[in-house]
Amino acid sequence: MKKLIGAIAVALAAFGAAVDGQQPATTAIPNISGLWNRLDTEGGGSYGGIDLLFPRAQLLPEVAAKLPPEQDQGLGNAGTITPPVVRLPNGAYLTPAVAAAGGPSPTAGHCNIGGGGFGGVDINSAGMEIIASRDEVVIARDGAAGGRRIYMDRKMPDVTRITPSAAGYSVGRFENGTLVVTTTGFAQGMTGFGRGWRERETQLTEVFKLSPDGKKLTITYTWNDPKVYVKPHTYDISFERWETGYVFENYCDASIDHPENYTSTRLVEPDSPSGKK
Amino acid sequence: MKNTTRRLIRAAAACIVATAIVPVLAQGRGGRGAGAPAPAVDPKDLSGYWELPPDGHDGRNIPRASLAAGVTQQKLAQISAHDAKGYRWCANLGLPNLMMLTRPLDIRVSTDLMTIMPEYSAAQNRWIYLNRDKHIPADEYEAGVNGDSIGHWEGNTLVVETTMFHPDNGILGIPGGGFRTPESKLVERFQLLKNGQVLQVISTWTDPKVFRTPHTYELRYARLLRDYEARPNAVGDPYDEERAQLFAGPPKQTR
């Protein structure tokens, strides 16, 4: 009889936890919430520069053929010091790619247009914020409107029901003191680092792991898709906690005729020897 | 003995059914008044998606502000023109306008940090620091449209104090009248009502140069269903000429 009562109690407890969609009480939930700064800023100021520090994705030949030539944000080959720019009558500068397209995009990249949110899963900004709540983890960056959501209380929907986007659709769980996030439903395009490629059904697994003292965070990214990769594309990005800092705002006055308010991609001042702002 | 066992099994089965049904009803899928009362919620769990009632009036108790004698009609007209230009050019709204948006706010709270994320490209995320009881020194802080917000719990109420606003950036007008300045101080009291289904935010502005007495108003947000997912940001495009016509004088037919 006691065994029966015990079994029922255990079943009730387990069932209740499952229905509620919460982590079992025994799961260690790391405190990943906070402000984080990337540690691998070597080569900063040029995404191409940072990208050189990452392992190269091993793509199937037919996928590798889809990749554009190695460029640094359309400003020239990675490492190019003085990429050409096109000057407009109002003094603004256009990148060659934008100039070739006939001018700035009407909907992307202007002051306050396009959302300023988290464009994808890769973290290009030095400043990142994470807040982990019971049913959702949000990741944002300085000066952003909105951010990336990781749903903690639901299963991955069928990929056909996910509107493809750069960020895809993410579900997460806490496991062995780490946050494990699975993402799929991507818009076709390049990954942020290592010249990888993503398709709608490509699956990304991220493992967020805190150091024992809670001051360092490492995210291990693994891109997996047998139709894209010879083998999974894996790399790490490390961050340090910024306990005394604050999130920077990014203010842009679109009424001012200024290069940064006009061009649709990152600008280079022609008189800047390094091409870095 | 057999009867006792059967009763126990029946009771357990009833518990399992109840355990399964109650959370589903609590999510609202069962419709209004569809079943047993929702289980008690954590009174400090502000995390979720919150939305002001859509009619522009419900959920808002905004009395007229009592303005200081030094606030002239000319100054108010100047602020009004400033804000009209801000809307026209999709300026980053900032406080308090951000809290008035009619699209949902995604509010997430952790031990040390809280964010309020709108679904609008012209409203950058707001951050509230729960891990410090002092504002960042002014000489280290770059004033912004959302100011510097610090919060602490008083019982089940989260009290947030914000100051150090940017003098010009963003929308300066305050609901009920008046405007924010770098010297303005905003205190907000966040509290859950109706078993966590309503979020009450009582805001009090003080600024002796703007308000004769502290200006207090209240907003009440409804919690959205648990399965709500943030939509892509609504986009305000300052370079959209047809949109710009909306701000250019009396309405006229757009061809």
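Here are some short exercises on a predicted two-chain model, each with a worked solution.

**Before you start**

Residues are numbered from 1 along each chain as its sequence is written, while chains are lettered from A and ligands numbered from 1 in the order in which they are written. Since this is a predicted model, local features need pLDDT of at least 70 and side-chain atom pairs count only at pLDDT 80 or more, whereas totals for chains, interfaces and linings use all residues.

**Exercise 1. Find out how many helices and strands chain A and chain B have.**

Step 1. Recall the terms: helices (H or I, at least four residues) and strands (E, at least two) are DSSP runs, numbered from the N terminus.

Step 2. Chain A holds 5 helices and 13 strands.

Step 3. Chain B has 3 helices and 10 strands. Along its sequence they come in the order α-β-β-α-β-β-β-β-β-β-β-β-α.

**Exercise 2. State what share of each chain is buried, and what share of contacts is long in sequence.**

Step 1. A residue is buried if 20 or more other C-beta atoms lie within 10 Å of its own, exposed if 12 or fewer, and partly exposed in between; the C-beta atoms are placed from the backbone. Chain A has 277 residues, of which 34% are buried; chain B has 255, of which 35% are buried.

Step 2. Two residues are in contact if their C-beta atoms, placed from the backbone, lie within 7 Å. Take the contacts between residues at least 6 apart in sequence: in chain A, 55% of them join residues at least 24 apart. For chain B, with a separation of 6 or more, residues 24 or more positions apart account for 60%.

**Exercise 3. Trace the pairing around strand 7 of chain A.**

Step 1. Two strands pair if DSSP finds at least two bridges between them. Strands of a sheet pair through backbone hydrogen bonds, either parallel or antiparallel.

Step 2. On one side, strand 6 (residues 148-151) of chain A runs parallel to strand 7 (residues 169-175) of chain A, with 2 bridges. Here A:Ile150 stands opposite A:Ser170.

Step 3. Strand 7 of chain A also pairs with strand 8 (residues 178-184) of chain A, antiparallel over 7 bridges. In this pair A:Glu175 faces A:Thr178.

Step 4. Strands 7 and 8 of chain A make a hairpin with 2 residues between them, and A:Asn176 in the turn has a positive phi of about 50°.

Step 5. Now step back: 9 strands of chain A close into a barrel in the order 1-4-5-6-7-8-11-12-13, with mixed pairing. Neighbouring strands of this sheet are turned by 30° against each other on average, direction ignored; the axes are lines fitted to C-alpha atoms, for helices over the stretch in contact, and angles run from 0 to 180 degrees between N-to-C directions.

**Exercise 4. Do the same for strand 6 of chain B.**

Step 1. Strand 5 (residues 126-129) of chain B lies parallel to strand 6 (residues 148-154) of chain B, joined by 2 bridges. B:Tyr129 has B:Ile150 as its bridge partner.

Step 2. Strand 7 (residues 157-163) of chain B is antiparallel to strand 6 of chain B, with 7 bridges. B:Ser149 stands opposite B:Thr162.

Step 3. The hairpin of strands 6 and 7 of chain B has 2 residues between the strands, and B:Gly155 takes a positive phi near 65°.

**Exercise 5. Decide where chain B should be read with care.**

Step 1. pLDDT is the predictor's confidence in each residue, from 0 to 100. Chain B averages 86, and 84% of its residues score at least 70.

Step 2. Over residues 11-34 of chain B the pLDDT is below 50. Where pLDDT is low, the predicted coordinates should not be read in detail.
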